[in-house]
Every structure is written in structure tokens, then in C-alpha cells.
Amino acid sequence: MHEIIQYISSYLTSDKTPGAAGNMFWALVYIMLVFLGLSVAVIAMNWLERKILAHMQVRLGPMRVGPHGLLQPIADAIKLLLKEDIMPAEADGFVFWMAPLIVVLAAFTVFVVVPFGPTHAVTDMNIGILFMLGVSSLSVLGIVMAGWASNSHYPLIGALRSSAQMVSYEVAMGLAVVSAILMTSLNAEGTGTLSMIGIVQAQQAQGEWFIFKFFPLGLIAFFIFAVAMVAETNRAPFDLAEAESELTAGFHTEYSGFRWSLFFLAEYSAMIAVSSIAVTLWLGGWLRPFPNWLHGSPWDQIFSLFPGVTFLFFAAICFYNAARMPKHPLFRVQTVGLAGFGVVLGLIGLALFVPAVSARVQDIFWFSAKVAGFMYLYIWYRGTFPRYRFDQLMKMGWKVLLPMGLGVLILTAGVALLQQNIWHP
Amino acid sequence: MLIGGIAVITRKNPVHSALALIVTLLAQASLYLMLYAPFVAGVQIILYAGGIMVLFLFVIMLVSIERSMKERQFNSQWVVGIIAATALGGLFIAVYFKGKNVFPEGVPAMLEGDNTQRVASLLYGQYMFAFEIASLLLLVAIIGAVVMAKKRI
């Protein structure tokens, strides 16, 4: 027993990722944790999207299942799992069966290299960012396969549209990424890195997030990536692959039940994946905000309180709404449930005030908070922007974003060269 | 990889062939990984599996599949093919058994840690000229494709 505790505590104080330490068991634990966290995030995203969209459109959104519809995603999941699994008679069985698996695998595999903190990643690869882009580009294959195997018009057109879109926006995305990677090479040795942890450490060493580097070059590169990543995940306003009015549901029209929910899962985890690329490359990954302006021990103390305060704030919202629940006996279960949820959140918040815990998980908190900001942006886009037409989309990708990306890349390289050779010889 | 390769040439449906080719390319990427060349493996996945094969599938899907399914699979060069395959296989086997002196065994000196940096310094240092010529070749190919595709420029 003592040895087990010692083993666990020896890991909890380790300063390496499980992959770098070569520890298979902890790597497995991390994979399970990431998978669990991702599933919870997708469930939460599902509820938040419906709720926020509803409030943007002056509706209430889901209200019936649980207090404020909190249990709605669980009800949805049960409904999807119990649905009949239909495969069109003329469909190509094997390809139809493989397609959702490929999409889900591609969406989840990329999280192997996502750095939630200097030690909180499954592993750190030398080719980290290349691996992420490569594996997430494999999901196009799944979409094309799904559209073709369904043997029906809407899915085929949806798949063609979505793959054309993903292939063409990948180019602009790659150029933006390259200009950020170029910035990592501004150190004494003059060599950059592709590893996700290395990129964040480069931002830490240079004391500047890459979004503010060589203003406005970093900002423009970030903007290109932010547009391309929405197109890459087929979300509004670039969601014409699944434009309901023209193509019913695009490439997954013929899918139902569990297979459809796999596509759903993959879409949301791909959104989280590209957001975490953006956070890692431009927004300083796990680093807390304002490391330069507000540095020193009092500010470190104040920022280390943030995770706990956030959870206490959520708990307070729960209690406030539990108090506002109708006082009818029929609502008693919901009121108690909401208050219980608030208690759980409050306990998590209190646990985060313990200095040892907060020092260990603070980086995870900042990373997730930044990613959550991007998730909110996705919902916001969907609530506000009208959908593009396909030729507008292609024009935007090839005639606006691509030249912009090339220009930013060349300018970044030029400014970096000047800085290395003339300003600091 | 072998299974994928055989499936590429035996499947009647061109889409299945293309999918088998993807499996082959991914297996090749994993071979690169085992040779401690993660950068080459990553580029293999991005370019071949992610980029080129999607375009392949694109074109195949636009072509009518029913018609090509009915066509008889033909191969008038099977004699030459078999001879070439046997020669290559024989060469591989000979190298495997007798090649100890030609290709010395041993762990490669290049480490996984800075593979990408080494590739970059080789490409842009020692082999700069060859690299630029290759890019020029690609540029010529792009211009040629545009000229052929567009009637009026």
C-alpha cells in the first residue's frame, strides 16, 4: 500500500510527460483521462451550444430534462444509442462501416500530443504539430468515404463540397502555422521546433505570445488560422457541406443512431483539437495571461486563485438558480439536483485552493479556459454569420487567405532575419 | 503493407483500390517511424495519405463506377510483370542473406530528438541546389497544368 502511494506521488511530482519518461502505465492513465475529459467536454458543448444559441435567438432552449435542461445531452445520447441502425440497401457495406471509425480515430488520435501543461500531455513528439495537422487531415478521407458509400445524391455532393473545402483551406492553415513555427527559431541557436511543448516553451522564453509577436504579423497569421480552422471543421458560416436547405445533412444524411453520433463526437472533438492548436501556437498554451506585465510573487499568487474562483462562481450560479426555482413540490427534485451540482462544483473549487493541487493543475486550467473561449466563438459564429455560397468560399480560401498567408510568411521571415542579424548581431 | 498493396491491384472497384492504397501508404509511414525518421513519416501522412489520395478519390468518384465495374480486368503485360517482380524479390532475398558487408548493421546515429532539425539543415545546407531544382520542377508542372486547363489566359 505504502509503495503504491509512493509510486503515485513520485509520478505526481514528476517533471516529464509519461511518453518522455517511457512510463506505459501512466501514459494509459493519461489517455483515459483525456478521453474522459473530451467526452465530458463534448457533452457540455452540446448543451452549451443549444442553450447559448437559444439565448442569442431570444428562446429558452432545452428546459424540460433536468434543471435548465442540464440532463438533455444524456437524454440525447440514450436516444441515439437506442435508435435503429439503418444501412441503405445499395450502400457499400464495408466502406460505410469504416467511415465513421476513421473520422473518430483521426479526431481522437491528435490529442496524444496536445500539451495541457509542461507535464500534462500523453507524449511530446518531435513532429508534434505536423502530426496533428496530418492526422486531422485524415478525417477528410472518412468524410469522402461516408459520402460515397451512402450511394445517394445528397451525401455525395456534401462529401465533395466538404472535402474540396477542407483540402483548400488546409493550404492557408499550413502557411499560417509555418509562420508561427518560424517564430520559435528566434533563439540563441537559431533552430526552431515542431514539438507542441517546445512551441509553448519558446513563447515562454521569448516572453511574448506569438499573437503579439512582430505586431501585426502574428495577429494576421492567427486570424488566417482562426478562419481556416472554422472552415476545416465544417462549421458555420462554412458549413455548406451540411447546408440543411440544400443537402439535408450533407455527408452523414444516411447515417443514423450510433454511427451518426460517432460523426457528431468527431466533429466536436475536431473543433477542440484545432482550437488547441491555435491556443498552443499563438495564445501561449498553458501559460497564464500577462506573464510580463504582471509578474512577481503577488501576481503569481493572485493568478493561482483563478481556477478555484471560477469553479466557485459556477457553484454560485447553480445556487442562485436553485433558489429561483419554482417552489412547487413537482420541482423539488430538480431544485435539490441543481443545488447538489452546485455543491460538487463548489467542492472542486475549494480543492483547487489547496496550493499543491493548484500548482499542479493550474496549467490545465488556463489551457482549457483558452480552448473554451474558442468554443464560445464557434457558437457565436453560428449564431451570427449567414452561410457562405460555395464560390464565395473558394474565392475566400484561394484568393484572400492564401496570398495573405504567403505574404505574412515572407514578411515574418524577413523581420526575423533582420532581428537576428542586424538588431542583435 | 503487403496486404494493402495486393488489394490495390486485385480489387475491381476503383474506390476500394484507392482505399487499399491509403492503407499501404500509412503502413509505409509506420515503416519510416520504425527507422527513426518521424519527420518523413509525418510528411508522408500529410502529403500522400491526406492530400494526394483525397484528390485521387475525388476523381474516381466523379467517374462513373458502374461502367468500370463491368469492364473486364485486363493486363497484357503480365509476363514482363512477373519477371520484374521475381528479379526484384530475388534481389531483396540476396541482399538479406549476403548483404551484411554491403549494408553494415547497427543503430543509426541520428536520434529521434532532433530529426526535423537535421533534415532541415541537410536540405537547406548541403543539398540546397537539388532542393531548389526540385521546387522549380514542381513550378513548371503547375504552370503546365494551368496552361493546359485554361483555353484563354
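In which sense, left-handed or right-handed, do helix 5 of chain A and helix 7 of chain A cross? In this predicted model, the crossing of these two helices of chain A is left-handed. Helix 5 covers residues 93-109 of chain A and helix 7 covers residues 139-149, and their axes approach within 8 Å at an angle of roughly 160°. An angle over 145° counts as roughly antiparallel, so helix 5 of chain A is roughly antiparallel to helix 7 of chain A. On the side of helix 5, the contact is made by V95(A), F96(A), M98(A), A99(A), P100(A), I102(A), V103(A), A106(A) and A107(A). These residues meet S139(A), L141(A), G142(A), I143(A), M145(A), A146(A), W148(A) and A149(A) of helix 7. By class, the contact between helix 5 and helix 7 of chain A comprises 15 nonpolar residues, two polar residues and no charged ones.

The overall form of chain A was examined next. Chain A contains 17 helices and zero strands. Its radius of gyration is 23 Å, close to the 22 Å that the globule rule gives for 425 residues, so chain A is as compact as a globular protein of that length. The C-alpha trace of chain A spans about 65 × 55 × 45 Å along its principal axes. Of the 425 residues in chain A, 42% are buried. Among the contacts in chain A with a separation of 6 or more, 77% join residues that lie 24 or more positions apart.

Chain B is also described by its helices and contacts. It has seven helices and zero strands, and its elements run α-α-α-α-α-α-α from the N terminus on. Buried residues account for 14% of the 153 residues in chain B. Of the contacts in chain B with a separation of 6 or more, 54% are between residues 24 or more positions apart.

The two chains meet through 21 residues of chain B and 19 residues of chain A. On the chain B side, the elements that give two or more residues are helix 2 (14-34), helix 3 (38-62) and helix 6 (115-126). Helix 3 of chain B gives the most to this side, with 13 residues. The side of chain B that touches chain A is made up of 13 nonpolar, seven polar and one charged residues.

Helix 3 of chain B is in contact with helix 6 of chain A, among others. Helix 6 of chain A comprises residues 128-137, and its axis comes within 9 Å of that of helix 3 of chain B, with a crossing angle of roughly 25°. Angles under 35° count as roughly parallel, and helix 6 of chain A and helix 3 of chain B are therefore roughly parallel to each other. Helix 6 of chain A passes helix 3 of chain B in a left-handed crossing. In this pair, L130(A), F131(A), L133(A), G134(A), V135(A) and S137(A) meet G42(B), I45(B), I46(B) and G50(B). The residues of this contact divide into six nonpolar, four polar and no charged.

Helix 7 of chain A, described above for its contact with helix 5, also meets helix 3 of chain B. The axes of helix 7 of chain A and helix 3 of chain B come within 10 Å and cross at roughly 15°, which makes the two helices roughly parallel. Their crossing is left-handed. The residues V140(A), L141(A), V144(A) and W148(A) of helix 7 meet G50(B), M53(B), V54(B), L57(B) and M61(B) of helix 3. By class, this contact has eight nonpolar residues, one polar residue and no charged ones. G50(B) takes part in the contact with helix 6 of chain A and in the contact with helix 7 of chain A. L141(A) and W148(A) meet residues of helix 5 of chain A as well as residues of helix 3 of chain B.

Two further residues of chain A were considered individually. R332(A) lies in helix 15 (residues 332-351) of chain A. It counts as exposed because it has 12 C-beta neighbours inside 10 Å. R332(A) and P386(A) are 54 residues apart in sequence, and their C-alpha atoms are 42 Å apart in space. S358(A) lies in helix 16 (residues 355-384) of chain A and, with 18 other C-beta atoms within 10 Å, is partly exposed. Apart from its neighbours within four places in sequence, S358(A) is in contact with S304(A), P307(A), G308(A), L352(A) and F353(A). S358(A) and V171(A) are separated by 187 residues in sequence and by 40 Å in space, C-alpha to C-alpha.

Key. Residues numbered from 1 in each chain as written. Chains lettered and ligands numbered in written order. Predicted model: local features only at pLDDT ≥ 70, side-chain atom pairs only at ≥ 80, totals over all residues. Helix = DSSP H or I, 4+ residues; strand = E, 2+ residues; numbered from the N terminus. Rg over C-alpha atoms; globule rule 2.2 N^0.38 Å. Buried ≥ 20, exposed ≤ 12 C-beta atoms within 10 Å, placed from the backbone. Contact = placed C-beta atoms within 7 Å. Nonpolar A, V, L, I, M, F, W, Y, C, P; charged D, E, K, R; others polar. Axes fitted to C-alpha atoms, helices over the stretch in contact; angles between N-to-C directions. Parallel < 35°, antiparallel > 145°, perpendicular 65-115°, else oblique. Left-handed = near helix turned anticlockwise from the far one by under 90°.
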